[in-house]
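Here are a few exercises to work through with the model open in your viewer. Try each one yourself before reading the solution.

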Amino acid sequence: NSAVLARLTSAVVTEGSFKVRTTAAVALGRLGDRRATAALARALSTDRHYAVRAAAASALGRVGDTAAVPPLLLALGDPDTLVQSTASEALTRFHAPAYLLAFREAARAEDARVRRVAIRAYGEALRAGHVPAATFVMNALSDEDAEVRGLAERSLKALRHEHALPLLLRGLSDGAASVRAGSARLLGGRQDERAVAPLL
């Protein structure tokens with residue numbers, strides 16, 4: 001109820017004991033109430049103890065509010081590796097078409113870790129049949145980060161042939177040379193005679 005929520009959201013950012021703040025974050029995740037997002041995001045961004053930040057990251061994933069995506073992306077750069085991995089895991093809960101707008105800026109972020117998370121999200125959505133995600137995955141073939149490019153290629157390789165073929169054929173005329181090269185490489189692996197003339 002509202003009274004419990006109010007006590008927990010207050011405790012997660014004000015309680016003196018890190019154990020109590022951690023417990024409050026876990027409890028808020030279990031409640032799954034989006035009204036807790038702001039308090040959890042604040043704990044994730046500012047709490048001095050890594051256990052509280054990790055618990056807040058996990059809870060934000062469980063709550064499922066897209067407002068949690070930006071603070072979770074920032075937490076990928078947290079000084080503690082547990083917080084980083086927990087934030088990354090929490091972000092996988094947003095790998096669905098309904099949440100993809102939250103990753104639009106992340107796909108163009110300066111930090112390669114952030115771009116990787118975004119392309120994972122778009123790649124999973126594309127494999128699930130969400131066509132608008134294709135633009136982000138194809139663009140990622142030109143990313144300067146090898147892991148981002150690899151994520152994009154694996155997503156495209158996993159597509160059913162009849163879905164992948166038109167995307168890759170369009171990629172051959174892309175403005176970025178690396179997208180054209182990636183498309184050509186993936187088309188070659190599919191060995192479809194319809195790709196022969198465009199490849200030539």
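**Exercise 1.** Work out whether Gln 191 is buried or exposed, and find what is odd about its backbone.

*Solution.* Keep in mind that this is a predicted model.
- Start with accessibility: the relative accessible area of Gln 191 is 72%. The cut-off for exposed is over 50%, so Gln 191 counts as exposed.
- Next, place Gln 191 in the fold: it sits in the loop between α11 and α12 (196-199).
- Now check the backbone. Gln 191 has a phi of about 50 degrees, a positive value, although it is not a glycine. Most residues other than glycine have a negative phi.

**Exercise 2.** Describe how helices α9 and α11 pack, from the geometry down to the residues.

*Solution.*
- Take the geometry: α9 (residues 146-157) and α11 (residues 177-190) have axes 11 Å apart and pack at an angle of about 35 degrees.
- Then the handedness: α9 and α11 make a right-handed crossing.
- Now pick out the residues. From α9 come Glu 153, Leu 156 and Lys 157, and from α11 come Arg 185, Leu 186 and Arg 190.
- Sort them by class: 4 are charged, 2 are nonpolar and none is polar.

**Exercise 3.** Find out which residues line the largest pocket and which helix gives the largest share of the lining.

*Solution.*
- Begin with the volume: the largest pocket holds about 190 Å³ of space.
- List the lining. One stretch of names is Leu 126, Arg 127, Gly 129, His 130, Val 131 and Ala 134; the others are Ala 158, Leu 159, Arg 160, His 163, Leu 167 and Arg 170.
- Map these onto helices: α7 (112-127) and α10 (161-171) each supply at least two of the lining residues. With 3 residues, α10 gives the largest share.
- Finish with the classes: the lining has 6 nonpolar, 3 polar and 3 charged residues.

**Exercise 4.** Decide whether Ala 55 is buried or exposed, and name the residues it is in contact with beyond its sequence neighbours.

*Solution.*
- Locate Ala 55 first: it belongs to helix α4 (residues 50-63).
- Its relative accessible area is 10%. Buried means under 20%, so Ala 55 is buried.
- Set aside neighbours within four places in sequence, and Ala 55 is in contact with Thr 22, Ala 25 and Val 26.
- As a last distance check, try His 95: Ala 55 and His 95 are 40 residues apart in sequence, and their C-alpha atoms are 20 Å apart in space.

Key:
Residues numbered from 1 in each chain as written. Predicted model: local features only at pLDDT ≥ 70, side-chain atom pairs only at ≥ 80, totals over all residues. Heavy atoms only, no water. 1 Å grid on protein atoms, 1.4 Å probe; cavity = no way out; pocket = protein on both sides within 12 Å on 5 of 7 lines; lining within 4 Å. Points joined across faces, edges and corners; volume = space filled by probe spheres on them. Helix = DSSP H or I, 4+ residues; strand = E, 2+ residues; numbered from the N terminus. Nonpolar A, V, L, I, M, F, W, Y, C, P; charged D, E, K, R; others polar. Axes fitted to C-alpha atoms, helices over the stretch in contact; angles between N-to-C directions. Left-handed = near helix turned anticlockwise from the far one by under 90°. Contact = heavy atoms within 4.5 Å. Buried < 20%, exposed > 50% of the residue type's maximum accessible area, 1.4 Å probe, protein only.
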